[in-house]
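Open the structure in your viewer and keep the selection panel handy. We will go from stop to stop, picking a few residues each time.

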Amino acid sequence: MTLSILDLAPVVSGGTVARALRDTIDLARRAEGFGYRRYWLAEHHFAPGVASSAPAVLIALVAAATSTIRVGSGAVQLGHQTPLSVVEQFGLIDALHPGRIDLGIGRSGQRRAELTAEARAGVPPQSRAAEASAGPPPEPRAAEVVDGLLIPPPFDYSRLAQHPHLAHAATLLQQPGARTPDFADQIDDVLAFLTGTHEVRAVPGEGADLEVWILGSSGGQSARVAGERGLPFAANYHVSPSSVLEAVTAYREAFKPSATLAEPYVMVSADAVVAPDEGRARELAKGYDLWVRSIRTGAGAIPYPSAAEADAHVWTDDDRALVQDRLDTRFVGSPGQVADGLRVLRRVTGADELLVTTITHDHEDRVRSYGLLADAWDRP
């Protein structure tokens with residue numbers, strides 16, 4: 001199976017964190033039966049609609065409840081932890097579940113801190129772009145369709161970065177005065193702890209049979225570091241669809257063979273909702289619009305809305321502009337429609353695997369969506 005799952009342990013409106021965690025464990029068991037290759041847990045903080053704030057803890061619970069599916073992080077944020085603490089946590093899990101654990105690492109915690117600092121300093125995104133290119137800022141890129149895959153215009157994160165909630169949150173995710181090292185140096189530390197070549201030993205952790213992945217949303221440092229270290233790379237079409245092709249291209253151009261990989265290995269993420277017919281799938285997907293809006297306003301993901309709650313919301317043009325790229329790049333429909341759309345994504349990006357995120361208000365609808373997709377994906 002070349003499909004895997006990314007789960008945020010979503011808390012739905014009217015639900016509880018306990019219910020969300022039980023649903024995650026149940027979905028992981030059933031995904032294993034459907035034949036999915038990996039089950040990854042995200043890291044999100046200060047989000048009432050997301051229970052996955054401590055992926056290592058949740059990975060341990062999911063691994064204990066399953067037996068064959070690989071379980072991992074999508075992704076641990078090194079902006080909030082030290083390489084040693086991450087290696088020790090995952091080394092501990094690997095000791096009980098050897099050969100099944102993936103350590104996916106992301107830079108987004110650091111990038112959010114950088115955007116927040118720039119916003120506090122009053123540096124507009126146009127000035128940053130002009131400074132980087134030593135010239136006037138480029139015109140915003142229009143949407144385009146590349147060999148059947150929609151690549152929307154880039155989303156402007158400057159408004160989100162200025163939200164006071166994010167600035168305050170950044171101060172709570174690290175000790176006062178703490179400084180995050182360069183991402184490449186942190187990755188080197190992680191690899192050195194795992195291989196036993198660091199000047200100190202990580203116990204547990206040293207010698208752990210982990211797959212180390214880098215996740216990235218652009219052609220920036222994450223893609224380059226993954227390529228230069230010869231590690232597998234996961235690109236985020238579902239979070240940043242406008243830059244997915246730049247990300248996979250930058251990774252492949254930077255790739256150097258390693259003891260881990262002889263050639264590049266890419267996974268690409270996607271949002272999907274599957275039902276027996278397109279009409280039912282679109283009904284199940286209704287809450288997604290409001291949920292993404294809550295994230296992009298800076299307040300954090302709200303509990304996932306029901307279809308009725310979504311129908312009651314009065315949308316403004318500004319609201320729609322906040323979420324349009326995410327709505328346009330979802331895969332929603334019948335099993336055949338979604339499988340065909342995901343095959344286009346795989347072909348255009350050259351992905352070796354796809355990482356699918358599905359959220360619905362009802363747990364059984366989410367389980368059914370993954371089951372229908374697995375069946376359709378296996379059919380020619």
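Here is a short tour of this predicted model, with a selection to make at each stop.

**Stop 1: strand β8.** Start by selecting residues 211-216, which form strand β8. Of its 6 residues, 5 are buried, so the strand is largely enclosed by the rest of the structure.

**Stop 2: the partners of β8.** Now add residues 101-106, strand β5. This strand runs parallel to β8, and 5 bridges join the two. To see one of these pairings, show L103 together with V212, its bridge partner in β8. Next add strand β9, residues 233-236. β9 also pairs with β8 in the parallel sense, over 3 bridges. Here I214 has F233 in β9 as its bridge partner.

**Stop 3: the crossover.** Bring in helix α9, residues 221-228. Together, β8, α9 and β9 make a right-handed β-α-β unit.

**Stop 4: the pocket.** Which residues lie closest to the centre of the second largest pocket? Select L210, E211, V212, L231 and T260 to find out: they are the closest to its centre among the 15 that line it. The pocket holds about 260 Å³ of space. Two elements, α8 (183-195) and β8, each give two or more residues to its lining.

**Stop 5: the cores.** Finally, select V268 and L342, the residues with the most contacts inside the largest nonpolar core, which has 77 residues. Around V268 you can show its contacts, including A235, Y237, V244 and L345. A second, separate core has 23 residues, among them V50, A75, W213 and M267.

Technical notes. Residues are numbered from 1 along each chain as its sequence is written. This is a predicted model: local features need pLDDT of at least 70, side-chain atom pairs count only at pLDDT 80 or more; totals for chains, interfaces and linings use all residues. Side-chain values use heavy atoms; hydrogens and water are left out. Buried means under 20% relative accessible area, exposed over 50%, partly exposed in between (1.4 Å probe, protein chains only). Helices (H or I, at least four residues) and strands (E, at least two) are DSSP runs, numbered from the N terminus. Two strands pair if DSSP finds at least two bridges between them. A crossover is right-handed if, with the strands pointing away from the viewer, the path from the first strand over the helix to the second runs clockwise. A nonpolar core is a set of buried Ala, Val, Leu, Ile, Met, Phe, Trp, Tyr and Cys residues joined through side-chain atoms within 4.5 Å. Contact means heavy atoms within 4.5 Å. On a 1 Å grid over the protein atoms alone, a cavity is a set of points where a 1.4 Å probe fits but cannot get out, and a pocket is an open set with protein on both sides within 12 Å along at least five of seven lines; lining residues have an atom within 4 Å of a point. Grid points are joined across faces, edges and corners, and a volume is the space filled by probe spheres set on the points. Lists of a residue's contacts leave out its neighbours within four places in sequence.
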